[in-house]
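Here are my notes on this one, written as numbered points so you can check them against the viewer as you go. Shout if anything looks off.

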Amino acid sequence: MAFGCSKILLILLAISIGSVLSVNRHGAEVDDNEFAEFEDLGDEEEELEDGVVEPEDEDEVFFDDDEFVDEEEDDESLVMDDEFEDEDTEEDVGIEDEDEFEHFKDNEEFENFEGEKPSRGKGAAPDLEIAKVPVNFSNNWNNYYLEIMMLAGIAAYILNYVSGKSKNQRLATAWFNRHKELLESNFALVGDDGTQAEVPSTVKLLKESENQYCLWCTGRAFCEGMLVELKFLKRQDLVSVLAKMMKPGSDQVKVTVTMNKEDMENVVLFLGKKKIVSRMQKDMYDLSLYCNEKRGGEKFGLSQSFVAIGETGEAMQGVLDTKVSNCLSENEDMLEYLHFSDQYCGPKPSADEEQPTELPTTKKVLIFVFNVRGNGSATNRDIEDLFPMMQLVLYCVDKVKRFKLSKDGKHKAERARMKVSESFQKMAHAQRQEAAQARKEEKRKAEKERLLNEEDPEKARKLEDKQYKKDMRKRLNPSMKQVKVRVS
């Protein structure tokens with residue numbers, strides 16, 4: 001009996017050794033740990049939790065972190081004992097019942113992993129990177145001709161602005177330095193623009209723009225004041241400079257003297273070139289109303305291109321005496337025009353504007369406009385040459401004060417001014433009559449509309465009879481008045 005038991009034990013031991021050898025026939029090392037196979041199963045579960053999913057089919061490819069492994073090539077190495085196959089099957093079934101990608105839904109596992117890149121196995125497609133291609137800046141400047149022209153234009157405009165501004169300022173300073181002593185000797189105040197409460201300690205020109213300066217002088221006998229305006233070419237503006245190349249011009253000095261009311265006779269005259277005279281006579285109120293006499297420039301020592309117009313020949317001959325004629329003939333190239341008027345009220349309103357019904361406010365002025373020599377390229381010496389013309393201005397102020405019209409000339413001038421005043425009164429009366437007639441027409445139209453809109457025929461008939469009687473009375477009244485006048 002004991003022998004039989006020992007025999008059975010030997011047979012079982014042989015079977016167990018044989019099974020072990022059959023399982024480890026590939027020469028794998030056998031671990032003495034009895035729970036090694038269960039530890040392997042635990043490691044597989046941890047790998048599944050880390051994101052590696054076992055394939056269900058045998059033909060699928062397993063992805064490892066380092067290489068791809070084909071299931072068919074290692075089929076024999078993955079064969080397990082029958083006793084563990086059931087357990088593996090149950091575990092696989094348990095994993096398949098759960099959502100295989102459920103652990104990807106947990107956002108907490110991917111926190112702070114934005115900068116990390118997932119590891120790729122062998123044969124995975126690499127990340128695409130866009131190569132930084134350098135910009136090709138070629139040396140062909142023809143591709144940038146628009147930009148070059150624009151920059152050149154801006155640079156030219158800036159340089160022209162600086163040079164033109166400085167030149168106009170130099171010319172204004174040169175004129176003032178040359179005439180400062182003359183002005184201070186004839187006027188008590190030089191350089192006062194009328195806006196300052198105190199008299200300025202230093203005399204200086206008032207700059208209105210980069211090409212226009214002015215100077216106000218007051219405190220002299222026979223005149224309220226004198227305004228000097230230096231109107232230079234717009235040298236700071238490149239467009240104006242280019243335009244002046246096509247149509248040349250020159251710098252100008254305009255002097256306006258406002259005379260006292262009692263220190264000037266009834267004088268209206270204008271002296272200038274023919275084109276300027278015809279244009280000014282159309283545009284200016286006083287010249288169009290009073291200037292009926294016309295004289296050629298030869299009578300004043302000027303060329304045939306100059307013409308003088310005035311109210312009377314006596315005034316023209318008396319004001320433009322020999323001294324004035326000699327000064328103008330010596331500096332004929334600097335004379336633009338002279339305008340003396342005791343009825344100066346500015347230019348006429350345009351056709352679009354409302355025509356005045358009364359004569360505008362007038363004042364007594366002497367206006368001188370002189371051109372600077374140089375034809376647009378004036379120098380300091382050219383503008384200093386205006387000194388004789390400024391002396392002529394002061395002489396004309398005294399000459400106009402001393403000039404007196406004869407009785408006939410004065411009566412003729414007063415009669416002309418009376419006619420002008422009556423013409424304005426007639427014009428105002430005609431406009432008032434037109435306005436009254438327009439109001440009557442509107443009233444008549446309103447009454448007719450009222451009759452047409454009346455719904456009651458009896459009331460409409462009464463209104464019509466009333467209107468008819470009213471119209472008949474208006475027609476009979478003038479004839480009755482005429483009869484009364486005739487009877488008397």
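**Notes on the model**

1. Surface first. The chain exposes about 34500 Å², and carbon and sulfur atoms supply 53% of that area. Keep in mind that this is a predicted model. Of the 488 residues in the chain, 29% are buried.

2. On to the overall make-up. The secondary structure comes to 13 helices and 12 strands. If you take the contacts with a separation of 6 or more, 69% of them are between residues 24 or more positions apart.

3. Now the cores. The largest nonpolar core has 60 residues, and those with the most contacts inside it are Trp175, Met226, Val257 and Phe368. Helix 11 (residues 387–402) gives the largest share of this core, with 10 residues. There is also a second, separate core of 20 residues, which includes Val268, Val277, Met284 and Leu287. As background, nonpolar side chains in soluble globular proteins tend to be buried together.

4. Met226 is a good residue to click on. Not counting residues up to four places away in sequence, Met226 touches Leu183, Phe187, Leu215, Trp216, Cys217, Val255, Thr256, Val257, Met390 and Val393. Two of the names in that list, Met390 and Val393, turn up again among the buried residues of helix 11.

5. Does the geometry of helix 11 agree or disagree with its expected span? It agrees: at 1.5 Å a residue, the 16 residues of helix 11 should span 22 Å, and the end C-alpha atoms are 23 Å apart. Its buried residues are Phe387, Met389, Met390, Leu392, Val393, Leu394, Tyr395, Cys396, Val397, Lys399 and Val400. Note the lysine, Lys399, in that buried set.

6. Strand 12 (residues 363–371) deserves a look too. Eight of its nine residues are buried, so strand 12 is largely enclosed by the rest of the structure. Strand 7 (residues 252–259) runs antiparallel to strand 12, and seven bridges join them; Val253 has Phe370 in strand 12 as its bridge partner. Strand 11 (residues 335–344) is also antiparallel to strand 12, again with seven bridges. There, Ser341 is partnered with Val365 of strand 12.

7. What does Cys327 touch, leaving aside its neighbours within four places in sequence? The contacts are Pro388, Met389 and Leu392, and both Met389 and Leu392 are buried residues of helix 11. Cys327 itself sits in helix 9 (residues 322–330). Its relative accessible area is 15%, so with the cut-off for buried at under 20%, Cys327 counts as buried. Gly301 is 26 residues away from Cys327 in sequence, with a C-alpha to C-alpha distance of 9.4 Å.

8. Two backbone angles to check by eye. Phe222 is not a glycine, yet has a positive phi of about 75°. You'll find Phe222 in the loop between strand 5 (212–218) and strand 6 (223–231), and at 28% relative accessibility it counts as partly exposed. Asn375, also a residue other than glycine, has a positive phi near 55°. Asn375 is in the loop between strand 12 and helix 10 (380–384). Is Asn375 buried or exposed? With 69% relative accessibility, Asn375 counts as exposed.

Conventions: Residues are numbered from 1 along each chain as its sequence is written. This is a predicted model: local features need pLDDT of at least 70, side-chain atom pairs count only at pLDDT 80 or more; totals for chains, interfaces and linings use all residues. Side-chain values use heavy atoms; hydrogens and water are left out. Helices (H or I, at least four residues) and strands (E, at least two) are DSSP runs, numbered from the N terminus. Buried means under 20% relative accessible area, exposed over 50%, partly exposed in between (1.4 Å probe, protein chains only). Contact means heavy atoms within 4.5 Å. Accessible areas come from the Shrake-Rupley method with a 1.4 Å probe; for residues, only the protein chains shown count as cover. A nonpolar core is a set of buried Ala, Val, Leu, Ile, Met, Phe, Trp, Tyr and Cys residues joined through side-chain atoms within 4.5 Å. The expected span of a helix is 1.5 Å times one less than its number of residues. Two strands pair if DSSP finds at least two bridges between them.
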